[in-house]
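Subject: Structure handover

Hello,

Here is the structure I promised to send you. Please open it first, then read my notes below.

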Amino acid sequence: MSAPAPVPDQDPMTGGWRQRWRSPALRVAAVAIVIVVAQWIDTRIQVRDLQQELARRLGEGDAVAREGRSLALQGKEAQAALQAKVAVLEAKLAETQSQAVALEAMYQELSSTRDERLLAEVEQAVVIAMQQLQFAGNVEAALIALQGAESRLARSAQPQFLPVRKLIARDIERLKGTPGSNVSGLSLKIESVVAAVDTLPLAYEQRPKPVAAKPAAASRPASVDYWRELGADLWREFRQLVRIERIDQTDPALLAPNQSYFLRENLKLRLLNARLALLQRDGKVYREEIRQSREQLERYFDNRAKPVQAAQAALAALAATDVGFDLPGLAETLTALRNLKFAGERRGGAAAR
């Protein structure tokens with residue numbers, strides 16, 4: 001047998017290390033160290049990744065913050081602009097409100113002035129109507145004045161004028177229902193009779209009715225006596241000289257020609273007095289003058305003439321009209337108007353204060 005090969009000399013340190021490496025504890029510690037190192041490296045890598053992610057997110061956060069600050073700045077600027085606009089609008093609103101107050105005051109003043117002027121016009125119309133009724137008895141003129149006042153109040157359409165309008169409408173209806181209120185028509189009838197007086201024929205001037213002419217005699221033969229025919233003609237002519245006619249009334253009053261003028265003027269005067277009494281609502285004088293005028297027509301004028309008959313018919317219609325009635329008063333309406341006017345003036349003075 002061959003002898004074993006000689007073992008080279010080993011370093012004591014190297015041999016010691018190897019001996020230790022062969023130890024299980026050392027190997028476990030080495031493995032643990034390797035695992036720890038690996039974990040540490042992995043942790044470092046993860047930390048680096050986290051740092052990078054954090055840095056990225058911080059950068060994004062900074063960008064978002066910058067954008068937010070920019071938006072906030074824009075919002076502040078927009079808010080400031082809006083506040084400036086709101087301030088301008090508030091100033092304009094205050095100016096508009098002040099103008100509205102001024103316009104309202106002006107409108108109230110103009111309205112009160114217009115109402116006062118309207119009430120003054122209506123009051124004047126009612127006063128004119130009262131004067132026409134009291135001094136002239138002219139119902140038609142009073143009706144025209146009241147209707148004009150009522151139309152003015154109707155155009156204004158103010159509710160505070162409604163009571164006055166009712167009073168004026170009541171007065172208009174009362175005047176329309178007044179008997180004999182057509183004073184102008186009655187006056188025109190009297191004027192027509194006065195104008196016809198100068199043309200009316202007098203009774204003593206009447207002529208007999210014409211006798212109807214007899215038909216011409218037929219031609220007679222030449223044998224008829226000429227003297228007999230001549231006598232008949234003479235008799236007919238003689239009969240025309242005197243005519244007897246029956247008169248169913250008393251003999252007509254005879255007047256001298258120079259007295260006819262005074263008769264007609266006296267009749268005119270009586271008719272004019274009747275007209276004056278009509279305007280004054282003096283029924284007694286009116287009836288008496290119309291009665292005497294009718295008697296004069298019947299006594300001194302030819303009642304068979306158509307103009308005289310027409311005058312008699314007109315006087316009969318006038319005599320049948322009652323003009324001695326009392327006209328309605330307008331004092332209540334005038335008092336209501338003045339009270340309304342005074343209330344408006346008092347409200348205007350309170351608003352001015």
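How many aromatic pairs does the structure hold? It holds 1. The partners are Tyr261 and Phe262, and their arrangement is edge-to-face. Their centres are 5.5 Å apart, with 75° between the planes. Both Tyr261 and Phe262 are exposed. Another ring to look at is that of Tyr300. Arg299 lies over its face, at 5.5 Å from the ring centre.

Keep in mind that this is a predicted model. The average pLDDT of the protein chain is 77, and 75% of the residues score at least 70. Among the elements, helix H1 (residues 12–21) has the lowest mean pLDDT, 59. Helix H9 (residues 306–319) has the highest, 89. Two stretches need care. Over residues 1–5 the pLDDT stays under 50, and the model has 0 contacts for them beyond four places in sequence. Over residues 213–219 the pLDDT is also below 50. That stretch has 0 contacts beyond near neighbours in sequence.

Now turn to two helices.

Start with H3, residues 139–156. At 1.5 Å a residue, its 18 residues should span 26 Å. The end C-alpha atoms are 26 Å apart, so the model agrees with the expected span. Which residues of H3 are buried? They are Val139, Ala142, Leu143, Ala145, Leu146, Ala149 and Leu153. Seen down the helix axis, these buried residues fall within an arc of 165°, so they line one face of H3. An α-helix has 3.6 residues a turn, so residues three or four places apart point the same way. On the other side of H3, Ile144 and Arg155 are exposed. After H3 comes Ala157, with a positive phi near 55°.

Then look at H4, residues 162–176. Its 15 residues should span 21 Å at 1.5 Å a residue. The end C-alpha atoms of H4 are 21 Å apart, which agrees. The buried residues here are Val164, Leu167, Ile168, Asp171, Ile172 and Leu175. They cover an arc of only 140° around the axis, and therefore sit on the same side of H4. Which exposed residues does the face turned away from the buried side of H4 carry? That face has Pro163, Lys166 and Glu173.

Try colouring the buried and exposed residues of H3 and H4 in your viewer.

Best wishes

Key:
Residues are numbered from 1 along each chain as its sequence is written. This is a predicted model: local features need pLDDT of at least 70, side-chain atom pairs count only at pLDDT 80 or more; totals for chains, interfaces and linings use all residues. Side-chain values use heavy atoms; hydrogens and water are left out. Helices (H or I, at least four residues) and strands (E, at least two) are DSSP runs, numbered from the N terminus. The expected span of a helix is 1.5 Å times one less than its number of residues. Buried means under 20% relative accessible area, exposed over 50%, partly exposed in between (1.4 Å probe, protein chains only). The arc is that of the directions from the helix axis to the C-beta atoms. Rings of Phe, Tyr and Trp (its six-membered ring) pair if their centres lie within 6.5 Å; planes under 30 degrees apart count as stacked, over 60 as edge-to-face and the rest as tilted. A charge sits over a ring if NZ of Lys or CZ of Arg is within 6 Å of the ring centre and within 35 degrees of the ring normal. pLDDT is the predictor's confidence in each residue, from 0 to 100. Contact means heavy atoms within 4.5 Å.
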